[in-house]
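Student: I would like to go through this model step by step. Please keep the answers brisk.

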Amino acid sequence: MSTVVVTVPELSESVSDATMLAWKKSVGDAVAAEEILTGVETDKVTMDIPSPAGGVLVEILAQEGDTVFGGQTIARIEPGAVAEVSAPVAAANGTQHLAQQPAQHLAPNHAPNLTPSRASAMPAAAKLMADHQLAPGAVAGTGKDGRITKGDVLRAVEARGAESAAPSSPVSFLPRGKDSAAAREAALANRPEQRVPMSRLRARVAERLLQSQATNAILTTFNEVNMGPMLEMRKRMQEAFEKEHGVRLGLMSFFVMAVVHALRKFPILNASVDGTDIVYHGYFDIGIAIGSPRGLVVPILRNADKLGFAEIEKKIVDFTQKARDGKLEMEDLAGGTFTISNGGTFGSMMSTPIINPPQSAILGVHATKDRAVVENGHIVVRPMNYFALSYDHRIIDGREAVLGLAAIKESLEDPARLLFDI
């Protein structure tokens with residue numbers, strides 16, 4: 001029976017290549033149809049690669065970290081075959097698998113195995129053990145089948161270094177005596193470092209941020225917003241809203257509504273620069289900055305002006321879950337005419353957000369805190385939030401930026417304005 005090929009999914013037109021992630025299976029392992037074998041990472045998303053058929057993985061053609069292209073063959077599967085489970089074959093294949101897969105992708109909850117006969121070490125771990133003169137039986141293996149990983153060795157070295165580095169007197173923390181050189185090395189070994197390549201997403205974000213600062217004339221204007229009226233309306237409508245729509249009424253839907261309201265009044269804030277041209281967008285695709293395990297991602301609420309509160313909240317919940325699970329698709333992230341970044345969810349009090357090219361403005365929202373403010377000559381306590389609007393001064397003048405932020409402020413301090421388009 002001929003083998004079945006495993007290929008890289010087709011990439012979008014804007015993405016030319018991808019980077020291979022770790023393999024979850026090794027050569028000789030049995031695989032089930034649709035079982036996830038590995039994945040690829042682009043500068044926007046990660047994509048799982050499932051097995052196209054059940055059988056045995058007989059060949060791996062691309063390793064973790066390799067650059068691959070859409071449609072490229074990366075492995076072969078023999079359909080219907082049965083995996084060999086003898087100890088010599090498993091050991092041989094296991095060595096190859098571990099060389100491909102870093103320690104952090106192995107089963108973290110595997111029970112440590114101190115048996116020297118089974119505690120075979122990964123190549124990097126074996127070298128590290130030799131460097132520190134550690135016997136296999138002295139290191140708890142947490143890898144697959146009790147194998148010793150590099151992380152296991154580092155923890156053992158750290159533990160030994162902590163014991164050796166115990167202060168012998170209040171005067172000096174380093175051991176003295178004829179064995180002082182070895183003891184000092186052990187004492188200083190408790191300062192581990194790890195060099196990890198940037199993910200494609202992180203590298204792309206870094207590139208775009210530098211591009212933004214290098215090509216845009218960025219200025220930031222600030223205003224303070226009394227969140228009391230909006231919070232009171234949210235509290236009053238929360239129960240009925242959730243019962244009716246099956247989703248909680250958050251703050252972001254208010255922010256999106258207020259932003260769209262302001263962009264209608266000041267279209268230049270929704271524009272972008274293309275060479276020497278200004279492109280005015282007749283639609284409102286609002287990016288929502290979301291933190292994820294892979295880094296910052298900005299999924300797009302398309303045609304936000306046509307969405308109601310419930311639709312916005314449902315889409316944000318969906319985006320957040322997909323970002324957490326690494327399931328965002330390229331279509332979720334492409335485009336955008338304006339971005340909202342809510343650093344307040346992490347406690348940020350003030351920031352100057354960086355524009356997301358090719359957009360020309362971004363709104364930064366921060367933590368809401370009770371503060372003393374003056375109203376009608378009296379000092380009162382109100383829940384206040386500092387809003388920041390960063391804008392590209394090449395096409396946006398201070399007047400439009402300040403008035404645009406003021407329009408957002410007015411909509412949030414009097415949410416009824418949104419209903420009547422005032």
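Student: Where does Pro-358 lie?
Tutor: This is a predicted model. Strand β16 covers 338-342 and strand β17 covers 361-365. Pro-358 lies in the loop between β16 and β17.

Student: What is the omega of the peptide bond from Pro-357 to Pro-358?
Tutor: Most peptide bonds are trans. The bond from Pro-357 to Pro-358 is cis. Its omega is near 5°.

Student: What is the phi of Asn-303, and where is Asn-303 found?
Tutor: Most residues other than glycine have a negative phi. Asn-303 is not a glycine, yet its phi is positive, about 50°. Asn-303 is found in the loop between β15 (300-301) and α8.

Student: Is Asn-303 buried or exposed, or in between?
Tutor: Buried means under 20% relative accessible area and exposed means over 50%. Asn-303 has 35% relative accessibility, so Asn-303 counts as partly exposed.

Student: What is the phi of Asn-376?
Tutor: Asn-376 is found in the loop between β18 (369-375) and β19 (378-392). Its phi is positive, although the residue is not glycine. The value is near 55°.

Student: Is Asn-376 buried or exposed?
Tutor: The cut-off for exposed is over 50%. Asn-376 has a relative accessibility of 78%, so Asn-376 counts as exposed.

Student: Is Asn-216 buried or exposed?
Tutor: Asn-216 sits in the loop between α5 (200-215) and β9 (218-226). The cut-off for buried is under 20%. Asn-216 has 11% relative accessibility, so Asn-216 counts as buried.

Student: Which side chain makes a polar contact with that of Asn-216?
Tutor: Leave out residues up to four places away in sequence, and Asn-216 touches Gln-211, Ile-355, Asp-392 and Arg-394. A polar contact of 3.0 Å joins the side chain of Asn-216 to that of Arg-394.

Student: How many salt bridges does the structure hold, and what is the N to O distance between Asp-48 and Lys-327?
Tutor: The structure holds 14 salt bridges. One of them pairs the side chains of Asp-48 and Lys-327. The N to O distance is 2.6 Å.

Student: How many residues apart in sequence are the parts that Asp-48 and Lys-327 tie together?
Tutor: Asp-48 lies in strand β5 (residues 46-50). Lys-327 lies in the loop between α8 (309-325) and α9 (330-333). The pair therefore ties together parts that are 279 residues apart in sequence.

Student: What is the relative accessible area of Asp-48, and of Lys-327?
Tutor: Buried stops under 20%, and exposed starts over 50%. Both ends of this bridge fall in between. Asp-48 has 37%, and Lys-327 has 43%.

Student: What is the N to O distance between Glu-242 and Arg-248?
Tutor: Glu-242 is partly exposed, at 35%. Arg-248 is also partly exposed, at 48%. Their side chains meet in a salt bridge, with an N to O distance of 3.6 Å.

Student: Which residue forms a salt bridge with Arg-417?
Tutor: Arg-417 is partly exposed, with a relative accessible area of 22%. Its partner is partly exposed too, at 37%. The closest N and O atoms are 3.5 Å apart, and the partner is Glu-410.

Student: Which residues are linked in a network of salt bridges?
Tutor: Here the linkage goes beyond a single pair. The members are Arg-264, Asp-305 and Lys-306.

Student: Which residues have the most contacts inside the largest nonpolar core?
Tutor: In soluble globular proteins, nonpolar side chains tend to be buried together. The largest nonpolar core here has 74 residues. Those with the most contacts inside it are Ile-286, Ile-340 and Phe-387.

Student: Which helix gives the largest share of this core?
Tutor: The core draws at least three residues from each of domain 1 (4-79) and domain 2 (204-419). The largest share is 10 residues, and they come from helix α7 (residues 252-265).

Student: How many residues does the other core have?
Tutor: This core lies apart from the largest one. Its members include Ala-125, Leu-128, Ala-156 and Val-157. The count is nine residues.

How values were computed: Residues are numbered from 1 along each chain as its sequence is written. This is a predicted model: local features need pLDDT of at least 70, side-chain atom pairs count only at pLDDT 80 or more; totals for chains, interfaces and linings use all residues. Side-chain values use heavy atoms; hydrogens and water are left out. Helices (H or I, at least four residues) and strands (E, at least two) are DSSP runs, numbered from the N terminus. Buried means under 20% relative accessible area, exposed over 50%, partly exposed in between (1.4 Å probe, protein chains only). A polar contact is a pair of N or O atoms within 3.5 Å; within protein, one must be able to donate a hydrogen and the other to accept it, and residues adjacent in sequence count only if both atoms are side-chain atoms. Contact means heavy atoms within 4.5 Å. A salt bridge is a side-chain nitrogen of Lys or Arg within 4 Å of a carboxyl oxygen of Asp or Glu. A nonpolar core is a set of buried Ala, Val, Leu, Ile, Met, Phe, Trp, Tyr and Cys residues joined through side-chain atoms within 4.5 Å. Domain bounds come from an automatic or database domain assignment.
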